[in-house]
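Thank you all for making time for this. Please take a moment with the sequence and the structure on the screen before I begin, and then I will walk through them piece by piece.

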Amino acid sequence: MRIAMIGSGYVGLVSGACFADFGHQVTCVDTDAGKIARLNAGRMPIYEPGLEELVARNVEAGRLAFTTELAEGMAGAEAVFIAVGTPSRRGDGHADLSYVQAAARDIASNLKGFTVVVTKSTVPVGTGDDVERIIREANPEADVAVASNPEFLREGAAIADFKRPDRIVIGVEDERARRVLEEVYRPLYLNQAPLLVTGRRTAELTKYAANAFLATKITFINEMADLAEKVGANVQDVARGIGLDNRIGPKFLNAGPGYGGSCFPKDTLALVKTAQDHDAPTRIVETVVQVNDQRKRAMGRKVIAAMGGDVRDRTVGVLGLTFKPNTDDMRDSPAIAIIQTLQDAGARIVAYDPEGVEQAKQLLSGVTYAPDPYAALDGADAMVLVTEWDAFRALDLARVKSLLRQPVVVDLRNVYRPDEMARHGLAYTGIGR
Ligand SMILES: NC(=O)c1ccc[n+]([C@@H]2O[C@H](COP(=O)([O-])OP(=O)(O)OC[C@H]3O[C@@H](n4cnc5c(N)ncnc54)[C@H](O)[C@@H]3O)[C@@H](O)[C@H]2O)c1
């Protein structure tokens with residue numbers, strides 16, 4: 001099949017490359033000329049494990065191409081996916097649909113023959129109706145069906161997630177669209193990935209419900225961690241104790257500094273706004289959003305407390321900046337609020353991250369970047385682990401101790417063992433234990 005992917009970011013690029021790998025003919029389109037130029041030169045605009053090789057292989061095989069020209073990308077395409085950003089709208093937290101709407105308008109004028117336009121971006125319920133209206137108004141002659149196909153991949157494991165998804169959700173109001181999308185996903189279908197076909201609005205809501213539920217699970221265990229600290233319990237054992245119950249499940253029960261990233265914060269907020277607009281408020285999710293917002297700065301205060309309450313003119317070595325390991329994505333990373341809290345209290349920050357520094361530089365000011373983890377700790381008054389990159393799991397603790405001016409370690413991901421830290425003479429603070 002011929003597929004056009006509009007938007008070549010984390011989702012569009014990975015999805016496009018994976019579709020090409022299934023044997024489809026894919027053109028990824030983006031309005032960012034610099035991004036397309038990099039891709040055409042074989043350089044990835046993002047860090048995602050395995051992506052460069054996957055893209056190279058499919059470009060080489062002639063199945064994957066990149067362009068800024070929508071007409072060129074859409075030529076002969078039976079399915080046109082919209083995978084542009086839907087960030088929080090400034091001021092009110094609703095999803096900003098301007099990129100989706102602009103893409104719909106541009107697509108409308110390039111439609112030829114029956115085409116399925118598929119929204120892969122995470123969009124509020126009813127956006128499919130809106131996309132359809134925009135296209136029909138702009139091009140009343142077009143033979144088009146609009147479908148929803150929310151994406152559930154995780155950055156850092158995006159290729160594996162896309163190729164072996166827990167499920168594929170397709171929202172259609174049109175039988176022809178259903179047939180086209182079943183054909184698009186047939187290679188996965190053969191692999192037994194469950195394909196759930198629903199109405200379009202149901203598919204849109206399913207994506208938000210999934211992210212809100214996961215954000216709730218994280219926030220729940222974070223609150224249990226705070227309580228565990230007060231009552232002298234160990235949250236990791238609590239998580240294991242409840243996670244072994246099949247009805248609960250062990251995933252997303254790692255207490256930490258609060259969820260971040262390009263999806264959970266904006267999607268929980270957008271769901272809250274949609275629900276309020278429809279007079280069906282989602283109070284649980286509203287609370288999750290508030291609790292998580294407060295948690296990030298609270299983690300900064302936790303570091304200050306571990307350092308004795310005063311960090312003015314003292315140096316904090318921060319390990320890990322991205323919102324999770326194996327991505328360079330800094331959007332809404334807890335590291336931002338934590339570092340700002342420390343800077344507000346007068347601390348100097350020296351940070352190291354394996355992949356996130358370029359993006360961090362655009363979001364943080366006054367931070368010194370170290371070339372490796374040990375350099376970030378040299379002469380620091382504390383080490384703070386914010387993101388659990390594998391590279392930090394086996395640090396030479398004797399060396400850490402010798403580099404730090406004060407032997408204070410705050411581990412916001414519970415990566416280290418308290419007894420081992422104590423053995424190395426490090427004053428250790430974890431989460432909820
Ligand atoms: N990042 C994730 O892990 C993830 C997972 C599931 C779903 N999503 C959803 O997928 C969508 C895309 O997210 P992302 O992280 O890939 O965003 P991104 O910002 O990385 O990429 C979006 C791309 O779209 C391009 N773009 C914007 N308007 C365009 C237009 N009119 N025509 C062509 N290109 C255009 C931008 O230049 C950018 O490169 C969002 O709705 C997001 O919520 C993201």
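**From the whole fold to single residues**

In this protein, among the contacts whose partners have a separation of 6 or more, 74% are between residues 24 or more positions apart. I should say straight away that what you see is a predicted model, and everything I quote this morning is computed from it.

Let me stay with the protein as a whole for a moment. Its secondary structure amounts to 18 helices and 14 strands. The radius of gyration is 23 Å, close to the 22 Å that the globule rule gives for 433 residues, so the protein is as compact as a globular protein of that length. If you follow the C-alpha trace along its principal axes, it spans about 70 × 50 × 40 Å. Of the 433 residues, 54% count as buried, and the accessible surface comes to about 19200 Å², with 48% of that belonging to carbon and sulfur atoms.

Now please turn to the ligand. Which residues come nearest to it, of the 25 around it? They are Asp30, Lys35, Thr86, Glu155 and Lys266. For three of these I can give you a particular distance to an oxygen atom of the ligand. For Lys35, a polar side-chain atom lies 2.7 Å from such an oxygen; for Thr86, an N or O atom in the side chain is 2.5 Å from one; and for Lys266, the corresponding distance from a side-chain N or O atom is 2.6 Å. On its own the ligand has 830 Å² of accessible area, and the protein covers 89% of that. The elements that give two or more residues to the surrounding shell are helix 1, residues 10-21, and helix 5, residues 98-108. By character, the shell residues divide into nine nonpolar, eight polar and eight charged.

From there, let me move to Thr67, which is found in strand 3, residues 64-67. Is Thr67 buried or exposed? Its relative accessible area is 5%, and because buried means under 20%, Thr67 counts as buried. Leaving aside its neighbours within four places in sequence, Thr67 is in contact with Thr27, Cys28, Val29, Asp30, Ile36, Glu72 and Gly73. Asp30, in that list, is also one of the residues that come nearest to the ligand. With Glu72 there is something further to point out, namely a polar contact of 3.2 Å that joins its side chain to that of Thr67.

Thr31 gives us another setting, in the loop between strand 2, residues 25-29, and helix 2, residues 33-40. With a relative accessible area of 79%, Thr31 is exposed. Thr31 and Ala210 are 179 residues apart in sequence, and their C-alpha atoms are 30 Å apart in space.

Next, please find helix 10, residues 200-231, and within it Thr216. Thr216 is partly exposed, at a relative accessible area of 22%. Where does its side chain find a polar partner in the backbone? A polar atom of that side chain lies 2.6 Å from the backbone oxygen of Ala212. Beyond its neighbours within four places in sequence, Thr216 is in contact with Ile284 and Val288. Thr216 and Asp332 are 116 residues apart in sequence and 17 Å apart in space, C-alpha to C-alpha.

That brings me to Asp332 itself, in the loop between strand 9, residues 315-319, and helix 14, residues 334-344. Asp332 is not a glycine, and yet its phi is positive, at about 55°; at 40% relative accessibility it counts as partly exposed. Asn414 also has a positive phi, of about 50°, although it is not a glycine. The place of Asn414 is in the loop between strand 13, residues 408-411, and helix 18, residues 418-423, and with a relative accessible area of 9% Asn414 is buried.

Let me finish with Asp237, which sits in helix 11, residues 235-243. At 52% relative accessibility, Asp237 counts as exposed. How many residues separate Asp237 from Arg433 in sequence, and how far apart are they in space? They are 196 residues apart in sequence and 9.0 Å apart in space, taken from C-alpha to C-alpha.

Note on methods: Residues are numbered from 1 along each chain as its sequence is written. This is a predicted model: local features need pLDDT of at least 70, side-chain atom pairs count only at pLDDT 80 or more; totals for chains, interfaces and linings use all residues. Side-chain values use heavy atoms; hydrogens and water are left out. Helices (H or I, at least four residues) and strands (E, at least two) are DSSP runs, numbered from the N terminus. Buried means under 20% relative accessible area, exposed over 50%, partly exposed in between (1.4 Å probe, protein chains only). Contact means heavy atoms within 4.5 Å. A polar contact is a pair of N or O atoms within 3.5 Å; within protein, one must be able to donate a hydrogen and the other to accept it, and residues adjacent in sequence count only if both atoms are side-chain atoms. A residue is near a molecule or strand if one of its heavy atoms lies within 4 Å of it. Accessible areas come from the Shrake-Rupley method with a 1.4 Å probe; for residues, only the protein chains shown count as cover. Ala, Val, Leu, Ile, Met, Phe, Trp, Tyr, Cys and Pro count as nonpolar, Asp, Glu, Lys and Arg as charged, and the others, Gly among them, as polar. The radius of gyration is taken over C-alpha atoms; the globule rule is 2.2 Å times the number of residues to the power 0.38.
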